[in-house]
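This briefing goes through a single protein model, moving from the whole chain to individual residues, ring pairs and a cavity. Please keep the sequence and the structure in view while reading.

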Amino acid sequence: MGLLVLKRLMSVQQERRHIQARNFFIASVAKRKGSVCLQLANSEGGKIMGYSGLNLPEDIWSHIHSLMPLRDAARAACVSRAFRSFWRYHPNLIFRIETPDLNFIKKVDCILKNHSGIGIKSLRFESGIFYNASTSYYLDSWLQIAVTPSIEELTLEILSYNTNYFDSKYDDEYNFPCSLLSDGRGSSMRHLYLSRCSFHPTINLELRNLTRLHLAFVHITGNELGCVLSNSYALERLELNYCYGIICVKIPCLLQRLSHLEVFECRMLQVIENSAPNLGSFHFGINHVQLLLGESLQMKSLSMCYPGAVYYACAELPSNVPNLETLTIGSPHEMVDTPMLPSKFLHLKCLTISLVGMVTFSPAYDYFSLVSFLDASPSLETFFLDVSQERMGHVSIFGDSLQLRQMPEHHRHGNLQSVKITGFCSAKSLIELTCYILDNTTSLKCLTLDTTRGVSSCSTGEHNKCFPIGKMLTEANRAVLAIETFIERKVPSTVKLAVTKPCSRCHVKS
């Protein structure tokens, strides 16, 4: 008798484990590919076809339904009458719209009202809500429903026909209700993205779990930004784009987790002061801004784009960011030659310099002066240089074929392996730079010289079309001739030389 009881208990335990395994499998399917659940649900009872005995409690089905992608969750609500009520429990809502439509507003209003009290985790308006006086009421109402202590992500992109976002004045815009993020309602917020609105916090917001803050075309002052940052202890990424009301950005030292800072086109900005100790990457594109980086010992990646950036990088960066490993510089109007660096980038491994200019690029700029940058980077492994221009205003090697310049003291580069020059032309100083690299780099494996400005002009596809390079065809041919005359004979057998040049179809089209 005892043996039968023991067998019965073992059988029950095995059946429970089997059910648990099946439940876990279905939950995993719902999380990774919710469409499978649609095949399992019938339209009447929501029972699982082919899985007899698996009648899950309603709260379990609600949880499975919440793990499904939003589109599949909506389809499931249409397929199964039982699933229809679970639609109200889906925590992640994404709305996209390209044209203003009152019907769309009514649908969003209905969906969000049905989610009232449920607990939305993510609300995203990705393609923009067209704002005017009549939609302001709806936006306030929707945010009142969505922003609760359980929300983790909010993306609000607003479009307006009346506001000029390239002006420092914001006359007709949506004023984000900052009070919604106080009193603990924003305590679970991890990602906040606001675009094309006003954001004027007057009190310290409770955003202690915020890891990413992205503001684009947002009217906010430096002091108001400070109110946001003062309690955002968990912040890891801060992105500010086209926020014209900011004059000074101060990153406090309490942001111990901040690793990425991005600031672009904040045209009134005058000062960026960083005290965050663990900032690892910094990307900015602003002209005439004072950078107070402090002891940025953890910074590994830096990119900057504004006129004169190359000169600034040489004069200021080595001492401010001594452990830099990746540096990207964009300078559309570099008027002064690259100076000798006061100290070295001892850890720099990847250097990208873009001197892409139109007719305004200074023809007097000496490409050969970049040698000082290379000599100051003993650990450099990869060097990308883009000098694409509409027309070549420099002195051509064929107009001045006197002896090429060389550095009096040869500095051997033992780590540089890959060099690519896009927009390669017959400028004498560029030929001299290339020859210097070949003569003084013992570790070089690949040299790529692109004479077509990197536009992938030559196509081998079925349409057999080439991107027109117009007036640059003549200079591209001269660049190819310069490579054949002055470069090829210097290339060691251990180095692969790759030359991108116009094809025969380019010549026909020109």
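Contact here means that heavy atoms lie within 4.5 Å. On that basis, among contacts between residues at least 6 apart in sequence, 63% join residues at least 24 apart. The model is a predicted one, and the protein holds twelve helices and 18 strands. Of its 510 residues, 49% count as buried.

**Strand 4 and the loop before it**

- Ser195 belongs to strand 4, which covers residues 191–198, and its relative accessible area of 1% falls under the 20% limit, so Ser195 counts as buried.
- Leaving aside residues up to four places away in sequence, Ser195 touches Leu156, Glu157, Ile158, Ala216 and Val218.
- With one of these residues, Ala216, there is also an approach between polar atoms, since the backbone oxygen of Ala216 lies 3.5 Å from a polar atom of the Ser195 side chain.
- Arg190 is placed in the loop between strand 3 (153–159) and strand 4, and with a relative accessible area of 41% Arg190 is partly exposed.
- Although Arg190 and Ile151 are 39 residues apart in sequence, their C-alpha atoms are 8.4 Å apart in space.
- The contacts of Arg190, again not counting residues up to four places away in sequence, are with Glu152, Asn209, Leu210, Thr211 and Arg212.

**Aromatic pairs**

- The count of aromatic pairs in the model comes to twelve.
- One of them joins Tyr138 and Trp142 in a tilted arrangement, with 6.0 Å from centre to centre and 40 degrees between the planes.
- Both Tyr138 and Trp142 lie in helix 6 (residues 133–146), where they are four residues apart, about one turn of the helix.
- The two partners differ in accessibility class, because Tyr138, at a relative accessible area of 24%, is partly exposed, whereas Trp142, at 2%, is buried.
- Another tilted pair is formed by Phe398 and Phe486, whose ring centres are 6.2 Å apart and whose planes are set at 55 degrees.
- This second pair links distant parts of the chain, with Phe398 in the loop between strand 15 (382–386) and strand 16 (418–422) and Phe486 in helix 11 (residues 472–487), 88 residues apart.
- Here, too, the classes are split: Phe398 counts as partly exposed at 35% relative accessibility, while Phe486 counts as buried at 14%.
- Tyr138 and Trp142 also take part in one aromatic cluster, together with Phe95, Phe125 and Tyr137.

**Cavities**

- Two cavities of 30 Å³ or more are counted in the model, and the second largest has a volume of about 30 Å³.
- The lining of the second largest cavity is made up of Leu374, Ser377, Pro378, Leu380, His413, Asn415 and Leu416.
- Sorted by class, that lining consists of four nonpolar and three polar residues, with no charged residue among them.

Notes: Residues numbered from 1 in each chain as written. Predicted model: local features only at pLDDT ≥ 70, side-chain atom pairs only at ≥ 80, totals over all residues. Heavy atoms only, no water. Helix = DSSP H or I, 4+ residues; strand = E, 2+ residues; numbered from the N terminus. Buried < 20%, exposed > 50% of the residue type's maximum accessible area, 1.4 Å probe, protein only. Polar contact = N/O pair within 3.5 Å; in protein donor to acceptor, adjacent residues only side chain to side chain. 1 Å grid on protein atoms, 1.4 Å probe; cavity = no way out; pocket = protein on both sides within 12 Å on 5 of 7 lines; lining within 4 Å. Points joined across faces, edges and corners; volume = space filled by probe spheres on them. Nonpolar A, V, L, I, M, F, W, Y, C, P; charged D, E, K, R; others polar. Phe/Tyr/Trp six-rings, centres within 6.5 Å; stacked < 30°, edge-to-face > 60°.
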